[in-house]
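User: I should like to learn how to read the features of a protein model. Could we work through one together?

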Amino acid sequence: MSSEWLLADGEPFVDGLVLSHPEQLERLRRVCPEAVKAAVLGGDPCFDRMLAGRVYRERFRRALGVRRGQRLVVLNSTWNPEGLFGNGGEQDVLPSLLPRLAAELPADDYRLAAVLHPNIWYGHGPGQIRAWLDRARRGGLSLIDPVRGWRQALLAADVVLGDFGAVSYYAAALGTPVLLAASGEDRLDPEAPLAAFVREAPRLDPHGPLREQLVELLARHRPLAGPAEFTTSAPGASAALLRRHFYTLLDLPEPTAPALLEPLPLPPYDPPRRTHPLDVRTRIRGAEIVVERSAGHPYDAAGETHRSVHEDTLDPGDLTTADVIWRDGPADDPRLGSPDQWTAEVLQRHPHCSLASYVSGPDRCTVRTRDLGVLRLSAGPGADADPAAYASALHAWLVDGGAVARDGTTLRVHVAGGVHPVHVRPGDGR
């Protein structure tokens with residue numbers, strides 16, 4: 001808000017300057033009093049759509065493939081050299097942050113999604129953005145539509161890791177924990193509520209342990225009062241306020257029907273496709289198996305470890321050292337044959353591999369081992385984890401001496417903060 005942006009020849013060049021809160025009007029009086037006559041308090045239609053969509057949070061989470069017990073971390077960057085995405089300089093945070101997030105956050109406990117400002121997409125081009133973030137995408141990062149999907153992702157988020165852009169402020173206004181990885185304080189009006197939020201919000205230590213920082217943020221989170229107060233002074237009323245102003249400008253009578261905003265659409269089902277190799281750590285006590293999968297584990301990690309690799313991994317050399325090889329798709333894919341055929345082919349082609357797993361649905365997979373032949377895994381009541389994690393749990397259990405009974409066995413897989421019963425039964429294939 002300045003005369004440079006609001007005035008032409010000393011007069012406002014707009015018929016209506018829409019503000020969402022009286023606080024903005026007071027600042028406008030101080031910095032550009034000539035524009036006050038054009039100001040209109042119209043609320044915030046963007047925020048109102050999010051408020052109305054909060055009841056569908058679980059649907060938005062399922063659309064992103066977020067499972068029960070998982071925490072969705074939304075990375076957010078505005079269009080600015082000092083933003084989280086940056087401009088390619090040595091001070092950019094995101095390039096070093098993404099591989100560490102993939103390595104330090106267990107894949108079944110956390111999901112990652114990125115909301116990048118539309119100008120980032122248009123400035124660099126979608127192909128370049130996807131190329132830069134290819135490794136992260138193969139590790140499970142979802143890129144959110146910058147126009148049609150970001151509000152739904154924000155409503156689905158458990159944590160927002162962002163910068164000084166509007167998306168971070170909206171997240172804080174919704175009460176979502178926000179951890180700032182780039183502040184850009186020099187870019188902000190020091191009197192603006194956004195600047196106060198940046199000063200008060202928790203900061204990411206980019207060199208410290210990431211998982212511990214997220215856990216601490218969630219444990220200590222208390223919503224800041226400022227964002228909820230100053231985002232809009234008329235929550236839920238922007239449609240009526242703006243329509244009234246538009247019809248006044250048109251000098252037409254306003255319709256009598258209620259003024260309504262388009263509801264947020266349900267995004268298409270888009271679960272992550274993780275093809276980056278995963279290191280798996282397990283701890284076993286009877287039929288209880290604790291599983292933790294990530295892109296890397298500390299050298300001193302306790303428990304049995306093995307490597308699980310998707311067949312579509314970027315480097316075919318990864319398959320030569322994989323203990324578990326898996327893929328996902330429909331059970332009747334004519335290109336691959338049946339799951340029984342595919343698993344047999346994998347074990348024949350990769351002599352180092354001990355178990356092949358074909359995930360044919362969100363709650364089931366077919367596996368084959370060299371000694372036991374085909375086994376069918378299916379989720380029991382209340383189970384909601386990645387079937388590839390079930391396959392890794394079975395592999396570790398078998399290595400530890402477990403034996404599948406003729407009428408089947410139930411394993412209890414501990415992952416993502418919960419316990420998931422998994423039924424294992426012998427198949428009819430060898």
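**Reading the chain and one helix**

Analyst: We begin with the surface of this predicted model. The chain has an accessible surface of about 21000 Å², and carbon and sulfur atoms contribute 52% of that area.

User: What share of the residues of the chain counts as buried?

Analyst: Burial is read from relative accessible area, with under 20% as the cut-off. Here 50% of the 430 residues count as buried.

User: How many helices and strands does the secondary structure comprise?

Analyst: There are 16 helices and 18 strands. As for how the chain folds back on itself, among contacts with a separation of 6 or more, 62% join residues 24 or more positions apart.

User: Why does the end-to-end distance of helix H16 agree with its number of residues?

Analyst: The general idea is a rise of 1.5 Å a residue. Helix H16 covers residues 387–399, so its 13 residues should span 18 Å, and the 19 Å between its end C-alpha atoms agrees with that.

User: Is H16 mostly covered or mostly uncovered?

Analyst: In an α-helix there are 3.6 residues a turn, so residues three or four places apart point the same way. In the present case, H16 is mostly covered, with twelve of its 13 residues buried. Tyr390, Leu394 and Trp397 are among them.

User: Which residue caps the N-terminal end of H16, and what follows the helix?

Analyst: Asp386 is the cap: one of its side-chain oxygens is 3.0 Å from the backbone nitrogen of Ala388. Just after H16, Gly401 adopts a positive phi of about 105 degrees.

Technical notes
Residues numbered from 1 in each chain as written. Predicted model: local features only at pLDDT ≥ 70, side-chain atom pairs only at ≥ 80, totals over all residues. Heavy atoms only, no water. Helix = DSSP H or I, 4+ residues; strand = E, 2+ residues; numbered from the N terminus. Buried < 20%, exposed > 50% of the residue type's maximum accessible area, 1.4 Å probe, protein only. Contact = heavy atoms within 4.5 Å. Areas by Shrake-Rupley, 256 points an atom, 1.4 Å probe, with all protein chains shown as cover. Expected span 1.5 Å × (residues − 1). Polar contact = N/O pair within 3.5 Å; in protein donor to acceptor, adjacent residues only side chain to side chain.
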